[in-house]
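User: I'm new to this one and would like to know what stands behind the words people use for it. Could you take me through it?

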Amino acid sequence: MQNIGGKTLPKSKIIEALDKFSSRPAIRNSVYLSSIIVFFALILLPPILGIVIKWNTMQQVLNQPELATRALTAIQNSFMIAILVSLLDIITGLPLAWLISRGKSRWLNVLDTLADIPFIVPTAALGYSLLLFWNEPGGAATLFGASLISPGWLLVMLLHFTFSYPVVVRVMVGALLDYKMEYERAARTLGAPPLSAARTVTFPILKPSIIAAFILAFARSISETGATIIVAGLTFENGSVFIQKMRNDFTAGIINQATYEGATVFASLVLIIISFTIFAVIRIAGQKAKIPTKRFWPSMERKLSYSKAENGRNTITLLVFFLIIIIPSLFVAFPAIEALFTRTLSDAFTGTGIWKDYWQSLTLSYLLGATVTVLNIIIGLPMAIIIARRKFGRLPSTILDLLVNVPLIVPSIALGVSLAFFWKQNLTFIPEIWLLIFAHMAITYPYFVRSMSAAVERISVDLEEASRTLGAKPFTVFRTIILPLTKYSILSGAILVFTRSVSETGATSAVVSSLKTAPVVIVNWVKTKGLATPLEIGLGCGFLILFSFIILLALRFIARGKGRY
Amino acid sequence: MPDVRVVNITKTFGKILAVDDVSLHVHEKEYFSLLGPSGCGKTTLLRLIAGLIQPDKGEIYIGEKRVNDVPPEDRDIGFVFQTFALFPHMNAWDNVTYGPKVKGFNMEKATTIGHEVLEMVKLHERLDAFPNELSGGMMQRVAVARALAAGAKTLLLDEPLGQLDAKVRNELRYEIRRMVKDLGLTAIHVTHDQSEAMAISDRIAVMKKGKVLQVGTPQELYMNPQSVFVAHFIGESNFLEGYISNKNNGKITVELRGGIKVGVTNRQIEEGEKVVLAIRPETLTIEKGVRKGDINTLYGAVERITFEGTNIRYEVRLENEDLIVVVKPSLMGEWVGNDERVTASFPPEKAHLFKYPETGLREAITVE
């Protein structure tokens, strides 16, 4: 209750009603139960069932050994790249996270914000940006007099490295800031130089976060489609590019429906099964795996811990960060600047030609992002509380906790295709916009629930109990304790959901045929020769980055105003 | 064998002056305590000595060596943390042998040391246990063993008993002192508990607001406090305000509020000056009735009696409305009842006289 001028204001009628409802266990439980039902009905089961109902089409692929081999090669590429890239992310991301969280310079704040840039750039624009930087004349190629890296596996690796790197940095900076420095200090007083202390004490204690960062980077790499297809070139295929190409061939009438469906189901299934196996192995082996803590190399680690070696490490880290991550990510903005002084800009603003589609798709992207974010908060928050507070006991919470991760593991194109199978097969009357929303919900849900349940877990139960003993009804406890204390996490969860939705390409292009989001349009511009000029593509990407950046900046300002607790 | 010297050390955190121009000399093989209320800068000073934080100004010597630029791992110290800071991913044995291993001792030597120190803290049966399987007292034993195992000659202890139950705390404090003495170490122990500091220390530095107010043996601090704060923080004192009404051949007459006159022997303070008289509750004697005539007598009525077991505690409201506390052993003499008129008296040499603090008495003795 608010107290102004000594008078107690009457609570609003709605809050009073909600308070009254919330003290009935039946109503409380039905809120929780419905969030579980929504999770199963809209997020977990449709993608799985979508594949199950097309089970028999797989015969098509097995009858064409060539196609099967092609699919398997593509999938193999997916996993090779994902594993290599995630390892590289950890190796190069950890030193940057260390620098950001431990350094004292004021510039580190700027560095911290810069690390988010590849988040802001929608992956499709990112792919194009990398293509321009590494391959086209005018990019890094100018310096070397030739195309530095042509489209193909190396460029795909660079791309995946670029967009998964910030995930690792974000997770590790958070983990390092939460870490109790006392352990490392204890190691130092016992005679360990900084490097030994980090290796034998800090990293082993942070192992769960390192594993989480690895899994996130891995999942991101496996499931990305839109940008990958831009930089893959003509011959290189990974799993998601293969599915996308099958779809293109089918739309173009090159292959029949049965072959398309069979190939898609086959590739999706193999991708999902192998992903599951790998995640299970990482989970189980990760807990047992020991970072070598029993052996010491005192003199070597001492040398590596101080000044020259440390400066060298920081320099390399920053070079990698700027030359491989930041500059290539933003490179697309340069043609956009040039475009500002040509007819392209006026064309764009008057919506001439291809721009009409563009503006529609941009509007759709942002509206979709906003809708998905709001829906996630509504259905994700109760789930986060169920998981964090073990509302239905320990075992159900643990199971839900694991199941929430499932959509993260499924490659987004496979998810989209299987959603399309499921919804379009059975419920044809559902408008396409809903399919889009469902697909994006499925993809973003794990991100939101993950970060929210962690945030709720950090709030001591004592605070809730204190509030109850002071006379607060359950809804008031939620409103006055949980909500204010997790406000920052809700906002950062929302940012994650929003950016993920706006940049999503693979699943989007799979579920819908008439509606197009901005990344889908850009991928189309890049892939279809003669449809758009480089200036137009640059400007298209530029707008997408600019508007996304403004929205995120605004969200961040709100978040910062509320502060952290 | 190292002594530890701190010379003109200053440390600020933002606008907060945590340690203010402190100089100290801890002798070799001495058990030394930094005592003060929370926020007085004692932990900061300990961390500066350990090298976990860097001073803004001043110098730190361990033995002959200036260690300002020496990282913590090379200062040859052992540090026991208030939160124990046992590595959660290692069992007791790996925690304890961490120091010898990281310093590059060979396996055989590390093993010997490990067994020795675990023997010393009587935890030999639990060497497989992980920190979360140990009780608070056991964790602290492991933490002490770990600090000792690295072979350092200086042991720094940051509120090492703060998180333990009273019983365990009392046992462990003597054990730690015994080990330090047996091994001939120099120990610096941070605590806010004056009875703990008094019980285990050779010498104590009393700190307040970043400054060291007084350094001395527990007896010196108790018998001869140099400031109102020390008189208040070490043991207990009654504070009575007054001024010097007469000064004659070293005999000083203090006039308290309400015109009560008492005589004291110590201190060079000028006539007319405003003073605070500190009298320990246990130096006062209390008798029933009013016995007029003597110069060091205070008259009043018993307002409250608290039976504390060993002692009985009287709160006496004096004629001038000041309240004093008198503590008497329960088994000695005759008890006095509530509301009874009493005479309290004290020997002149047992009272301490201080200039009235500029900041006021309340501010000078606050422990906040």
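Analyst: Let's start with one definition: two residues are in contact if their C-beta atoms, placed from the backbone, lie within 7 Å. Keep in mind that this is a predicted model. In chain A, among contacts with a separation of 6 or more, 82% are between residues 24 or more positions apart.

User: And what is the share in chain B of contacts that join residues at least 24 apart?

Analyst: For chain B it comes to 66%, again among contacts between residues at least 6 apart in sequence.

User: How do you know whether the size of chain A agrees with a compact globule?

Analyst: You set its radius of gyration against a rule. The rule is 2.2 Å times the number of residues to the power 0.38. With 565 residues that gives a value near 24 Å, and chain A has 25 Å, so the two agree. Along its principal axes, the C-alpha trace of chain A spans about 70 × 70 × 55 Å.

User: What box do the C-alpha atoms of chain B fill?

Analyst: Roughly 80 × 45 × 35 Å, taken along the principal axes.

User: What makes a residue count as buried, and what percentage of chain A is buried?

Analyst: A residue is buried if 20 or more other C-beta atoms lie within 10 Å of its own. In chain A, 43% of the 565 residues pass that test. In chain B, 41% of the 368 residues count as buried.

User: How many helices and strands does each chain have?

Analyst: Chain A has 29 helices and 2 strands. Chain B has 10 helices and 20 strands.

User: Why is chain A said to have two domains, and where do they run?

Analyst: The bounds come from an automatic or database domain assignment, so that's what the split rests on. Domain 1 of chain A takes in 43–53 + 332–565, and domain 2 covers 55–330. Their centres, taken over C-alpha atoms, are 21 Å apart.

User: How many residues are in contact between those two domains of chain A?

Analyst: 32 residues of domain 1 are in contact with 33 residues of domain 2. On the domain 1 side, the elements giving two or more residues include α2 (25–53), α26 (474–503) and α29 (534–562) of chain A. The most comes from α29(A), with 7 residues.

User: What kinds of residues make up that side of domain 1 of chain A?

Analyst: It divides into 25 nonpolar, 7 polar and no charged residues. Asp, Glu, Lys and Arg are what count as charged, so none of those four is part of this side.

User: What are the domains of chain B, and what separation do their centres have?

Analyst: Chain B divides into domain 1 (4–230) and domain 2 (238–365). The centres are 39 Å apart, taken over C-alpha atoms. The contact takes 4 residues from domain 1 of chain B and 9 residues from domain 2. Those on the domain 1 side divide into 3 nonpolar, 1 polar and no charged.

User: And how do the chains meet? How many residues of chain B are in contact with chain A?

Analyst: 21 residues of chain B are in contact with 16 residues of chain A. On the chain B side, β6 (77–80) and α3 (98–102) of chain B are the elements that give two or more residues. The largest share there, 4 residues, comes from α3(B). That side of chain B holds 12 nonpolar, 5 polar and 4 charged residues.

User: How do you know that strands β11 and β14 of chain B pair?

Analyst: Pairing needs at least two bridges between the strands. Strand β11 (residues 238–248) and strand β14 (residues 274–279) of chain B are joined by 6 bridges and run antiparallel, so they pair. One example is B:Leu240, whose bridge partner in β14(B) is B:Leu277.

User: Which sheet of chain B do they belong to, and what makes a strand of it an edge strand?

Analyst: An open sheet of 5 strands in the order β13-β12-β11-β14-β20, with antiparallel pairing. The edge strands are β13 (261–264) and β20 (352–355) of chain B, as each pairs on one side only. From one strand to the next, the twist averages 45°.

User: What is the strand order in the open sheet with β15?

Analyst: That sheet of chain B runs β15-β19-β16-β17-β18, 5 strands with antiparallel pairing. Its edge strands are β15 (285–288) and β18 (323–329) of chain B. Inside the sheet, 5 bridges join β16 (residues 297–307) to β19 (residues 341–345) of chain B, and B:Tyr299 has B:Thr343 as its bridge partner in β19(B).

Note on methods. Residues numbered from 1 in each chain as written. Chains lettered and ligands numbered in written order. Predicted model: local features only at pLDDT ≥ 70, side-chain atom pairs only at ≥ 80, totals over all residues. Axes fitted to C-alpha atoms, helices over the stretch in contact; angles between N-to-C directions. Buried ≥ 20, exposed ≤ 12 C-beta atoms within 10 Å, placed from the backbone.
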